[in-house]
Amino acid sequence: MPRIRVTKRFDFEMAHALLAYNGVCKNVHGHTYELEVTLIGDAKNEPGHPEDGMVMDFGQLKNIVNTKIIQFFDHALVINALTPAPQKEALALTTERLTVLGFQPTSENLVTYFAGILQQEIPSNVSLFSLRLYETKTSFAEWFASDNQ
Ligand SMILES: Nc1nc2c(c(=O)[nH]1)N=C([C@H](O)[C@H](O)COP(=O)(O)OP(=O)(O)OP(=O)(O)O)CN2
């Protein structure tokens, strides 16, 4: 049975600020993030089964990623928990979707965080192979299961 990788791409709008960064990215600014989720597994070989020929139904993968990641991060402002309290409070006054994370919201840290979430949610008959998170058209971070065992 051949091992097959399947990938689904998502996008979401998110603002962030890099605390103490030496450049313009210390300011609150937004990106259209693109997240590519790649699974690996065996395609089901059960003629007549609704998922015959599939590693995982793309619709099922979409549902997991949308409910566990996208709905929380789309149109959110994400900041580092170490942001000084007065600044956090000011942002909270004007931002309904303010997400405070215990790390600097770089592409590297976000893709690692998303991998941790998805590893808990992907059914055991398939595996999370990799994630690629584009922050801009020219910048992305990747997470591979094989690099993190
Ligand atoms: N290793 C990382 N470096 C930077 C990150 C990051 O997450 N990881 N993030 C930023 C900023 O958020 C910035 O918005 C993105 O950086 P950059 O690719 O330099 O953005 P540009 O708009 O300048 O991209 P160009 O395509 O080069 O115009 C900074 N660094």
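**Ligand shell, sheet and helix packing**

Student: Which classes make up the shell around the ligand?
Tutor: Two nonpolar, six polar and two charged residues. The model is predicted: local features need pLDDT of at least 70, side-chain atom pairs count only at pLDDT 80 or more, and totals for chains, interfaces and linings use all residues. Residues are numbered from 1 along each chain as its sequence is written.

Student: What makes Leu18 and Cys25 nonpolar?
Tutor: The list of nonpolar residues is Ala, Val, Leu, Ile, Met, Phe, Trp, Tyr, Cys and Pro; Asp, Glu, Lys and Arg are charged; the others, Gly among them, are polar. Leu18 and Cys25 are around the ligand, as are Glu108 and Glu135.

Student: Why are helix 1 and helix 3 called oblique?
Tutor: Helix 1 (residues 58–73) and helix 3 (residues 107–121) pack at about 135 degrees, axes 10 Å apart. Under 35 degrees is roughly parallel, over 145 roughly antiparallel, 65 to 115 roughly perpendicular, and the rest oblique. The helices are therefore oblique.

Student: Which residues make that contact?
Tutor: Ile64, Lys68 and Ile69 of helix 1 meet Phe114, Ile117, Leu118 and Glu121 of helix 3. Contact needs C-beta atoms, placed from the backbone, within 7 Å. Five of these residues are nonpolar, none polar and two charged.

Student: How do you know that strand 2 and strand 5 pair?
Tutor: Pairing takes at least two DSSP bridges. Seven bridges join strand 2 (residues 29–42) to strand 5, running antiparallel. Leu39 has Leu128 of strand 5 as its bridge partner.

Student: What is the strand order of the open sheet?
Tutor: The six strands run 4-3-1-2-5-6, with mixed pairing. Strand 4 (98–101) and strand 6 (139–144) are edge strands, as each pairs on one side only.

Terms used: Axes fitted to C-alpha atoms, helices over the stretch in contact; angles between N-to-C directions. Helix = DSSP H or I, 4+ residues; strand = E, 2+ residues; numbered from the N terminus. Contact = placed C-beta atoms within 7 Å. Near = placed C-beta within 6 Å.
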